[in-house]
There are 2 protein chains.
Amino acid sequence: MEELFIGVDVGGMSIKAALVNKEGKIIYKSTKKVDAKKGTGPFLRDIRSLLIEHIEYAKENGFIVKAIGFGVPGIVNPTLGTIDFATNLYMEHVPLRDYLKDLNLPIYLSNDANVACLGEVRFGASAKGYKDVILLTLGTGIGGGVVINNQLFEGNEGKGAELGHEVIVVDGHQCSCGRKGCFETYASASALLRYTKEEMENNKSSLMWEYCKNDVNNINGLTSFECAKLGDPSANFVVNKYIKYLGEGILNFCNVFRPQIILLGGGVSNQGDYLIEKVKEYCGSRHYGYKNTPLVEIKCASLKNDAGVIGAASLAMEEFNK
Amino acid sequence: MEELFIGVDVGGMSIKAALVNKEGKIIYKSTKKVDAKKGTGPFLRDIRSLLIEHIEYAKENGFIVKAIGFGVPGIVNPTLGTIDFATNLYMEHVPLRDYLKDLNLPIYLSNDANVACLGEVRFGASAKGYKDVILLTLGTGIGGGVVINNQLFEGNEGKGAELGHEVIVVDGHQCSCGRKGCFETYASASALLRYTKEEMENNKSSLMWEYCKNDVNNINGLTSFECAKLGDPSANFVVNKYIKYLGEGILNFCNVFRPQIILLGGGVSNQGDYLIEKVKEYCGSRHYGYKNTPLVEIKCASLKNDAGVIGAASLAMEEFNK
């Protein structure tokens, strides 16, 4: 019987799960819409029923499930198997592993960006062949994952690799973490929207107004990038501002970790080569000791929407085989 | 015969070497004054003669030297055994290991702050029992060393852990690395002197003027700290400003690495408990997810002036026994 691993991508509005084989191929997957606001009890029951669905699918189709991995948007304790704190899930101190112990399967947890990075390294085309890899997911916030020497790096008690929460502007923009000037307040998709709105307020003749039909509610992550491609100077200003802050954060990780490659994921990374070329241009000659140090490769992440479940399954494979 | 390791602490004005045993005890040490400006040739000859002195001392006293470790203030390639770039040594692309091959001893190199961190973890009182440790040396610049899971972390090709070169103020103070706003331009001893001078210029009634006998040439790293202890408000302003930037950098490393402990070394760390208490107070509640994450301990480094040679010898022991 082929051995499979279940990867679970936990979100506040939906939970995705997939049966993944050792080659990182998805055999079966499904999504359950949830509402984390309804409380931890119903949420955990939803997780359980989704898992049972997958375990039964495996059984009926001649597979065997060996372990379950979770990617959680928040702070977890991988050793204890607990979700310590997750704002978007309205959870604090939830003993997830313990709750699922009757499934009689090993349960592993990590932060969602951590497992996504692991998944990219194991099964993504962009990170193939690299063993020192950083993933930045540019979404509402910035998630970070770090793989060092082919192993997931999580920090003491699994509480490190919070790459969105390094201050790059002391006394800067207020961050939800309590500090001011965190990287995620300057280089997340939310920051890009803020720059877009600010510039549109300052420049009523910007093409971006036309692009969003004169309604700021139509602004999204594409607005500035698409108008910049059309040659609008004010959109270009927004894009360059965003690239600068993103680049400064990336350069910090180059100097601190000196990975072989940095992958960009999340919504903003849909800009693909256009984004990557600009980031590379910004970072190209600025990293520490540049001509005497290896250039850090920068690429878009590969696994896109499946990054979460494949990453979580990768964690399960990894830990199960330790 | 007891086995010893030679640790070499390379500086632009002096080279220190020591014979160190497996317990981290210095059996013999000596220092050679050098002038790196005179060129790489004379500099390498000085290193060689210092090494021969130590090897002969060992031989005459019934010890056997097993390997040599170097801590270099600059960018090295640990694999190739080369000093790739070291401003203070006026060196670029120097094949140190190759030059010393006739000594018939294994030669290992790393950055000086890296080996100092390793030395603290192996033989320092402050880091005893910890396996995830960061060392920041607060001197002219800021050096950084990282030990993860009891192993030295150097980054790809040994070019990481440049903790002084993460930007904490985008578009901030010009750094020698080419970027603006690096941590070391805000929290090094040099930055402390800058803040001291600036405040004294702004406040002619500051006690700091009296402390340095009305001559700015007498300003040093003690000026602000000592006057703050005496209750001078302007000195206190300088100290608090310094602590804030130091604290922000430290918090970044808490979030990114989540080590168990951060050690402070270098000149500024001579302020001891007074400094540590203020840093702890600043960082105490600000790190990411603070009440749900382990508090990072902060202490002064232990090995002081011997950190360089003991660290370099630790590297030699470590690599030799791999």
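User: What turn and shift lay chain B on chain A, and with what RMSD?

Analyst: Hello! In this predicted model, a turn of 180° with a shift of 0.0 Å along the axis lays chain B on chain A at an RMSD of 0.0 Å. The superposition is by least squares on the C-alpha atoms of residues with pLDDT of at least 70 in both copies. The two copies are therefore related as by a two-fold rotation axis. The same surface serves both of them, since 100% of the contact residues of chain B recur in chain A.

User: How do you know how confident the predictor is in chain A?

Analyst: Look at pLDDT, the predictor's confidence in each residue, from 0 to 100. Chain A has a mean pLDDT of 96, and 100% of its residues reach 70 or more. The model also scores ipTM 0.95 and pTM 0.96. A few ground rules: residues are numbered from 1 along each chain as its sequence is written, and chains are lettered from A in the order in which they are written. Local features need pLDDT of at least 70, side-chain atom pairs count only at pLDDT 80 or more, totals for chains, interfaces and linings use all residues, and side-chain values use heavy atoms, leaving out hydrogens and water.

User: What makes residues of the two chains count as in contact, and how many do?

Analyst: Contact means heavy atoms within 4.5 Å. By that rule, 44 residues of chain B are in contact with 44 residues of chain A. The area buried between the chains (accessible area, 1.4 Å probe, lost on being put together and summed over both) is about 3,900 Å², with 56% from carbon and sulfur atoms. Arg179(B), Tyr288(B) and Asn292(B) supply 18% of what chain B buries against chain A, more than any other three residues.

User: Why is the pair Glu248(B) and Arg179(A) called a salt bridge?

Analyst: A salt bridge needs a side-chain nitrogen of Lys or Arg within 4 Å of a carboxyl oxygen of Asp or Glu. Glu248(B) and Arg179(A) meet at 2.5 Å, N to O, so the pair fits the definition. There are 4 salt bridges between chain B and chain A, and 30 over all chains.

User: What is the distance between Lys280(A) and Glu297(A), N to O?

Analyst: The distance is 3.0 Å, and their side chains meet in a salt bridge. This pair links distant parts of the chain, 17 residues apart.

Conventions: Buried area = accessible area lost by both parts, 1.4 Å probe. Helix = DSSP H or I, 4+ residues; strand = E, 2+ residues; numbered from the N terminus.
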